[in-house]
Structures are given as structure tokens and as C-alpha cells.
Amino acid sequence: MPQTLADMRRDYTRLGLSEDQAPTEPLSLFRQWFAEAVKTEQLPVEPNAMTLATVDGEGRPHCRVLLLKGLDERGFTFFSNYDSAKGQELQARPFAAMTFFWPALERQVRIEGRVERVAPEESDAYFQVRPLGSRLSAWASPQSRVIRDRAELEELLAQTESRFLDSAPHCPEHWGGYRLLPERVEFWQGRPSRLHDRLNYRLQDGGWLRERLAP
């Protein structure tokens, strides 16, 4: 008999997360967890995959999976079409939340904060290291818009390939990077009997306040 949804569960027993294991700020702990995820997670899982949530003008949330492409002291960077649904939502309401889930380590990280566009030179630098097919797709695809069928998309790609037949595609003005500036970062470590460890960092008066949350 197939398992019912109510019966689908697993117990988390691998690791724990205590305050004496955690630094006073979240980015170094994120880097540590991310490095461990890169070593531990198996393909086809992408350790830098994260769910990004934005809100539209009516207050309705929208989620999708993207890839993290940059991390420094300023925040978390990803790239997209500025004219896409997420781009329009971020233009109107420049706040977002992202979640990383690493099942092999029984961990997730939730990040919330303001979002800003990165400098054009940052977008161009990343665009130039993307595979050629990805650069052409950024020009060809009217992301999030309704199209007739797959044939229309392939026709747009063919037109783009013809346009850049004798030159390398440069970064379009409608495409580039966003940086989420973290204001809240929560580290979740699965524990037995659903008594999970949750350490939450909140930006307060220019510094980070660390606190434990009940599971």
C-alpha cells in the first residue's frame, strides 16, 4: 500500500546546534554550513539552490527556486531578468526571503532582508563567465510573459543566435544581479522527536542579536 501523507515522516538524528558552536554573527556560520553542504550533498542536489520568496502589489507571495551566485559581507547575490515577475515585484517591494535546504545534513537556513540591484559592472562580470547558451537565453527569453508555444521560444533563440553570429553577446540592460541584504538569518538543525535546534540572528542597532527559537 502506498504511504499516506500523514504517515510520511523521518526522524532527524545526525547533528545538533548549540550556542557554543555558533559565532556572534551569521555569515561565517553560513559559510561553514555551505562548505559542508558542498562536500556532503549528492547530485542532482545543488547546494547553492534556494527558494526565493517575493510579494506582489496585492500582497500575494510568490516562490521559485534560484541559484545563489555570490556571497560577501554585503549579502547574498542572485541574477535574473529585471522585467520578470520577480523583477517587477522587487521593483515595487524591495524585500525578499530565501531558504536553503540541505537534506543530507538535515539543515535549512532562512534569510530575510531588503533587496537591491548590484552595480552594472558586477552583472556584466558574471554574465561574461556564463555558458554561451545561458547568455543567449538571457537575450532570447521574455521571462514570465505568455508565449504561444515552445516553437515561439525556439524561434526567438534562433533570432538571437543570428544577431550575435559575429560577436559575443553582452549583458542586456534588462538582466542583472540582485543582492539580499540580510536583516534576519535563522539556522535550523533537525533533531529527534521534532525538538529541532533553531538559532536566529536579528540585525539590531547595527549589530547581530542571537537568540534561540522554540521548534
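Start by selecting arginine 194, which sits in the loop between β7 and β8. This is a predicted model, and in it the phi of arginine 194 is near 65 degrees, a positive value in a residue other than glycine. Most residues other than glycine have a negative phi. Is arginine 194 buried, partly exposed or exposed? Its relative accessible area is 38%, so it counts as partly exposed.

Now jump to serine 144 for another positive phi. You'll find serine 144 in the loop between α4 (132–140) and α5 (150–163). Its phi is about 80 degrees, although serine 144 is not a glycine. Turn on the surface here: serine 144 has a relative accessible area of 53%, and because exposed means over 50%, serine 144 falls in that class.

Head back to β7, residues 175–189, and pick glutamate 186 on that strand. Is this charged-looking stop on the tour buried or exposed? Glutamate 186 has a relative accessibility of 2%, so it counts as buried. Show side chains and look for arginine 184: its side chain makes a polar contact with the side chain of glutamate 186, at 3.0 Å. Next, select what else surrounds glutamate 186. Skipping neighbours within four places in sequence, glutamate 186 is in contact with Gln108, Val109, Arg110, Arg198, Leu199, Asn200 and Leu213.

Val109 takes you to the next stop, since Val109 is one of the residues with the most contacts inside the largest nonpolar core. That core has 29 residues, and Phe30, Phe78, Met98, Phe100, Ile111 and Phe187 are also among those with the most contacts inside it. To see where the core comes from, color these elements: α1 (26–40), β1 (49–55), β4 (75–81), β5 (95–102), β6 (107–117), β7 and β8 (197–204) each supply at least two residues of it. The largest share, five residues, comes from α1.

Zoom in on methionine 98. Not counting residues up to four places away in sequence, methionine 98 touches Met50, Thr51, Leu52, Phe76, Phe78, Val109, Arg110, Ile111 and Leu180. Val109 and Arg110 may ring a bell: glutamate 186 is in contact with them too.

Apart from the largest core lies another one, of eight residues. To find it, select Phe127, Leu136, Ala138 and Cys171, which are among its members.

For the last stop, select residues 175–215. An unreviewed UniProt entry lists this span as "domain: Pyridoxine 5'-phosphate oxidase dimerisation C-terminal". Color by secondary structure and you'll see 71% strand and 0% helix across residues 175–215. Draw a line between the end C-alpha atoms of the span, and they lie 39 Å apart.

Methods:
Residues numbered from 1 in each chain as written. Predicted model: local features only at pLDDT ≥ 70, side-chain atom pairs only at ≥ 80, totals over all residues. Heavy atoms only, no water. Helix = DSSP H or I, 4+ residues; strand = E, 2+ residues; numbered from the N terminus. Buried < 20%, exposed > 50% of the residue type's maximum accessible area, 1.4 Å probe, protein only. Polar contact = N/O pair within 3.5 Å; in protein donor to acceptor, adjacent residues only side chain to side chain. Contact = heavy atoms within 4.5 Å. Core = buried A, V, L, I, M, F, W, Y, C linked by side-chain atoms within 4.5 Å. UniProt positions renumbered as here; feature names shortened; annotations may be inferred.
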